[in-house]
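Please look over the following protein model together with its sequence, and then read the short report beneath.

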Amino acid sequence: MLDHEQILIRRGPRSGLPIVLAVHSTALGPAAGGLRLWHYPGWRDGLTDALRLSSAMTLKFAAAGLPSGGGKTVVALPPGTELDPPSRRDVLRDVAEVINALDGTYAVGPDVGTSPADMAVIGETTPHVFCKPPHLGGSGDSSPHTAQGTLAALHAVSHHLYGDRDLDGRRMTLIGLGHVGEHLARLLTAENADLTVTDIDPAKRPLAEELGATWHSSATILSKETDILIPAALGGLLTAQTTHDLRCRAIAGPANNQLDTPEVAGLLHRRGILWIPDYVVSAGGVINAITTELHHLDATQSSTRVNAIETIVTDLLTTAATQDTTPAQAGHDLAQRRLGTT
Ligand SMILES: NC(=O)c1ccc[n+]([C@@H]2O[C@H](COP(=O)([O-])OP(=O)(O)OC[C@H]3O[C@@H](n4cnc5c(N)ncnc54)[C@H](O)[C@@H]3O)[C@@H](O)[C@H]2O)c1
């Protein structure tokens, strides 16, 4: 059954590249979601990714209580393709024209492979764009807000596990010191967490030293004993296999698509490990962008919405405990209720 409202697939007239724009749902409001400019074996793989990612955006907005729907755009670059600046501009103009064809049903922001600077180029052709650089009136880099929302989720988890939201001395293990990970590491250090960090990029190690965090090999990080594990790198980290290695009480991080398959949530539950849905934990960036740019809230109101992730996670954990289910199931049920599908 087709689960999506609209799927546009076009070969860009300037770039010749396949552009897939998927609108999963506008049940709660106009759709929004990032532009992924990434290498795929073929355009159909890009289509599969756009379908999956756009439905995840619907869940993200519904769980966050935002009046927006899920969408995503994927430009499927053939393997090995490098875009020089003029070619990149051509792709972005092609994408902007596809967005304009939807007449406000969908607005685009950055995702893997794109940045606020790319949104500025798209914004030359369509107004349906967010996260442009601040000097062009946008909210710019979303990663500080994603880190802020993740911190809010960690407060909720700490309170649930230990009866205290204070992170002072709490053992936290952070995987990935990229855009979000670095901001989060600084926030956790400011709260005196007992922080261990890792990254496959050894150039990140000086940051660990600067913050007084413990640096750990990425190869063995999952088996390190810790209170809360925070995935902030790539997806697919949690599999039936890696689940056996874990020595943590909970997992809450911003990395998208952490579970290899949905069944892994059940495996974690049976091992007594709380897993907080990634689409709830990682929502801070898009909450800030959408509320400030599309819903015109001021910075304080928007920050309050990002910090409300703490309440959302608290409610999910309470529901899961009282109904003897997983936070994953509780999150799914919450989103479906808001979407009016249950
Ligand atoms: N940037 C945002 O606002 C935002 C919003 C929502 C979700 N996310 C998700 O959060 C995650 C991090 O995003 P980001 O913008 O910081 O990305 P990024 O590319 O800046 O950082 C990722 C970091 O992870 C490291 N890494 C990759 N594989 C690793 C591994 N196996 N072990 C350890 N480290 C590894 C990389 O070297 C890099 O430093 C991604 O999954 C992203 O989809 C980001």
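## The lysine in a strand

K72 is found in β4, a strand that covers residues 69-77, where strands are DSSP runs of E with at least two residues and helices are runs of H or I with at least four, both numbered from the N terminus. This is a predicted model, in which local features need pLDDT of at least 70 and side-chain atom pairs count only at pLDDT 80 or more, while totals for chains, interfaces and linings use all residues. Residues are numbered from 1 along each chain as its sequence is written.

K72 counts as buried because 27 C-beta neighbours lie inside 10 Å; a residue is buried with 20 or more other C-beta atoms within 10 Å of its own, exposed with 12 or fewer, and partly exposed in between, with C-beta atoms placed from the backbone. Leaving aside residues up to four places away in sequence, K72 touches A22, G33, G34, R36, A50, L53, S54 and M57, contact being C-beta atoms within 7 Å. The unreviewed UniProt entry annotates K72 as "active site", although such annotations may be inferred rather than shown by experiment.

## Helix α12

Helix α12 (residues 327-339) has 13 residues, which at 1.5 Å a residue should span 18 Å, and its end C-alpha atoms are indeed 18 Å apart; the expected span is 1.5 Å times one less than the number of residues.

The buried residues of α12 include P327, H332 and R338, and the buried residues of this helix pack against α1 (43-64), α7 (263-270), β11 (274-275), α8 (278-281) and α11 (309-322). After α12 comes G340, which has a positive phi near 75°.

Conventions. Two residues are in contact if their C-beta atoms, placed from the backbone, lie within 7 Å.
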